[in-house]
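Subject: Handover of a structure and notes on its contents

Dear colleague,

Please find the structure below, handed over for your own inspection. My notes on what was found in it follow directly after.

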Amino acid sequence: MTSTYQQMIFVNLPVNDLDASKKFFTELGYTINPQFSDENAASVVISDTIVAMLLTKSFYATFTKKEIADATRTSEVLIALSAESREKVDELVEKALAAGGSPAGETQDHGFMYGRSFDDPDGHTWEVVWMDPAAIAG
């Protein structure tokens with residue numbers, strides 16, 4: 001039997017307060033993988049193929065010679081997650097806002113595509129998007 005390789009993505013994000021960030025993401029319903037977490041990092045399991053690595057700024061700095069962006073003032077990346085329905089988009093964004101996130105931009109409703117976004121407590125922008133499967137199929 002041949003297994004199909006599933007490529008994964010690990011999004012590494014610098015955070016100001018690791019404990020507060022862990023609390024935020026667990027309130028969204030995600031889990032922390034203790035095998036890859038310690039006092040410098042938390043491995044947030046978003047799906048089988050998506051992991052957000054929350055790194056203290058001092059630990060993050062060991063991976064780059066570049067200045068670490070202040071995500072509350074500048075934007076370097078927009079992280080987009082798919083959702084299975086419009087309702088799931090709203091559900092995740094509402095959880096994020098209730099957990100201490102803030103709104104980021106206007107709701108986008110194009111009929112076949114619906115999205116909302118939020119900033120996490122460190123200012124990283126997360127977009128949550130639903131696309132009509134019929135529109136994707138062509």
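I begin with Arg116, which is buried, its relative accessible area being 16%, a value that falls below the 20% limit for that class. Please bear in mind throughout that this is a predicted model.

The side chain of Arg116 forms a salt bridge with Glu94, and the closest N and O atoms of the two are 2.7 Å apart. Because Arg116 belongs to strand β8 (residues 113-119) and Glu94 to helix α3 (residues 86-98), this pair ties together parts that are 22 residues apart in sequence. Glu94 itself is partly exposed, with a relative accessible area of 41%.

In total, the structure holds eight salt bridges. Two further pairs deserve a description here.

Asp19 and Lys22 form one of these salt bridges, with 4.0 Å between the closest N and O atoms. Both residues lie in helix α1 (residues 18-27); they are three residues apart, and therefore about one helical turn separates them. Asp19 counts as exposed, at 54% relative accessibility, whereas Lys22 counts as partly exposed, at 25%.

Arg73 and Asp70 also meet through their side chains in a salt bridge, at 3.4 Å from N to O. Arg73 is exposed, with a relative accessible area of 67%, while Asp70, at 30% relative accessibility, counts as partly exposed.

In addition, salt bridges link Lys88, Glu91 and Lys95 in a network.

Turning to the strands, β5 (residues 78-82) has two faces: Ile79 and Leu81 make up the covered one, and Leu78, Ala80 and Ser82 the uncovered one. Strand β5 runs parallel to strand β9 (residues 125-131), to which five bridges join it. Within this pairing, Ala80 of the uncovered face stands opposite Glu127 in β9.

Finally, which residues make the nonpolar surface patch of about 290 Å²? Phe112, Met131 and Ile136 do so. Met131 is the residue at which β9 (residues 125-131) ends, and Ile136 is found in helix α4 (residues 133-137). Ile136 counts as exposed because its relative accessibility is 58%, and the cut-off for that class is over 50%.

Yours sincerely

Conventions. Residues numbered from 1 in each chain as written. Predicted model: local features only at pLDDT ≥ 70, side-chain atom pairs only at ≥ 80, totals over all residues. Heavy atoms only, no water. Buried < 20%, exposed > 50% of the residue type's maximum accessible area, 1.4 Å probe, protein only. Helix = DSSP H or I, 4+ residues; strand = E, 2+ residues; numbered from the N terminus. Pairing = 2+ DSSP bridges. Patch = residues over 30% accessible without salt bridge, like charges linked within 9 Å, V, L, I, M, F, W, Y side chains within 5 Å. Areas by Shrake-Rupley, 256 points an atom, 1.4 Å probe, with all protein chains shown as cover.
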